[in-house]
Amino acid sequence: MRPPSVDSLARSLAETGLPHPLLVDAAREAIASGDHTTAEAVARAIADRMLRVVVNATGVLLHTNLGRAPWSATATADYTNLELDLETGQRGSRQDRVGRLLARLCDAEAAMVVNNCAGAVLLVLAALADGRGVAVSRSELVEIGGGFRVPEVMAQSGARLVEVGTTNRTRRSDYAAAVDGAADVALVMKVHQSNYRIVGFTESVRVPDIAGLGVPVVADIGSGLLDSACPWLADGPPSWLEGEPAARQTIAAGADLVTFSGDKLLGGPQAGIIAGRRDLVEACGRHPLARALRPGGLVVGALQDLALAYLARDGDAIPFWRMAVATPDSLRTRADAIAADVGDRVRVVELASVPGGGTLPGVEIPSVGLALEGDHTAPLRTAAGRPPIIARVVDDTTCLDLRTVDPEADASVAQALSNLACT
Ligand SMILES: *Cc1c(COP(=O)(O)O)cnc(C)c1O
């Protein structure tokens, strides 16, 4: 039998919803494989590889593979006043509004937004220390993951790394010696160790100890906690946040600038925020790299919504915080309901969620979820007709942590588990 033409085979796949050129690719691939009846499977595989909404049942609140913090942009097809001053009719700055809101939240003079925190650090170094020295403790020459290594970012920025102290102990006098020495130090930088800890015979300086050395102090806190008092949470800060540096307190302690991510503990879209002294923020804004690193209108809009939720002290409107502080009891109620739906094969179990995103290493948040014997992660990830569910396997048991699952997705999770239970 002759195979169908590429065109007619592609047309027969229309119900997959893919645009025609991609269906042609699928048809060609199937015919080339010698079995044109695989065309629909090939087309479905193409659709499945698209960027999609997934259910995060891993219990990792900030999962880098799943886009870190969940946050939605109000994406409309409208024009906005992104760079227009409505009062004067003159060109405005995309940074002004969101910068003011973020500065207000950090109690800083000024703030600006770039593409991510790596970009924020790069810009700060390039704008404030090009060709000059930047003193960093040897204990803070970290790699955050995904290629962010402090010495390499420093090299790219044009600033010169001036290492101070030792791996485990760095004192104020080490920074002072560097600033007073021959290295032409323009900045002192503190980098949050983020994803690891040094324990044992250690000593490190805090921001107030190095604030008076005569050069600006930049603190890359990375994780993006705005305020350690968490005024947006009805019950105040959860205990697992203890010790995490916050933008507001770091500035109050004497940092001239802080840099942090938008999509870690801030709970928003991918972005990098620079907040602190106005003259320094403005110097960053004037550097040519600021243009290359600037955020798009979608991110500016999303961050504005997020900043307004923080200012309204409405942590409930921020999915990351809603999930992070959900009580084990509320999770157990949901787990019981799903288990009742699915039947005997699933058990309600106590689990431990983690913040993730390279923040708070070792921290566990008591959680509740569902478990079933065996590794079912592949069918949960791939079944047709519902969002992929990402679960994890511990000791040959599939675990679904409900802390990171939006309650709206519970029915979908129950359905998926019932389908598994039938097979
Ligand atoms: C995560 C992190 C970064 C990188 O942030 P991105 O927003 O992923 O670019 C930089 N510095 C510190 C301390 C971090 O924790």
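Residues are called buried here when their relative accessible area is under 20%, and exposed when it is over 50%. With that cut-off in hand, helix α14 of this predicted model makes a pleasant starting point. The helix runs over residues 328-342, 15 residues in total, and spans 20 Å from its first C-alpha to its last, close to the 21 Å expected at 1.5 Å a residue. Its buried residues are L331, R334, A335, I338, A339 and V342. These six sit on the same side of α14, because they cover an arc of only 135° around the axis. Such a pattern fits the geometry of an α-helix, which has 3.6 residues a turn, so that residues three or four places apart point the same way. D329, T333 and A340, on the other side of α14, are exposed. Just after the helix comes G343, with a positive phi of about 105°.

Attention turns next to the interior. The largest nonpolar core holds 62 residues, and F260, Y310 and W321 touch the most other members. Leaving aside residues up to four places away in sequence, W321 is in contact with L225, W232, L233, W240, L241, L265, L266, Y310 and G315. Another core lies apart from this one; it has 34 residues, including V124, L187, L257 and V281.

The model also offers a pocket to explore. The largest pocket encloses about 1,200 Å³ of space and has a lining of 41 residues. Nearest its centre lie R52, V53, V54, L66 and G67. Strand β1 (55-56) and helices α12 (297-311), α13 (319-324) and α15 (377-382) each contribute at least two residues to the lining of this pocket.

Notes:
Residues are numbered from 1 along each chain as its sequence is written. This is a predicted model: local features need pLDDT of at least 70, side-chain atom pairs count only at pLDDT 80 or more; totals for chains, interfaces and linings use all residues. Side-chain values use heavy atoms; hydrogens and water are left out. A nonpolar core is a set of buried Ala, Val, Leu, Ile, Met, Phe, Trp, Tyr and Cys residues joined through side-chain atoms within 4.5 Å. Buried means under 20% relative accessible area, exposed over 50%, partly exposed in between (1.4 Å probe, protein chains only). Contact means heavy atoms within 4.5 Å. Helices (H or I, at least four residues) and strands (E, at least two) are DSSP runs, numbered from the N terminus. The expected span of a helix is 1.5 Å times one less than its number of residues. The arc is that of the directions from the helix axis to the C-beta atoms. On a 1 Å grid over the protein atoms alone, a cavity is a set of points where a 1.4 Å probe fits but cannot get out, and a pocket is an open set with protein on both sides within 12 Å along at least five of seven lines; lining residues have an atom within 4 Å of a point. Grid points are joined across faces, edges and corners, and a volume is the space filled by probe spheres set on the points.
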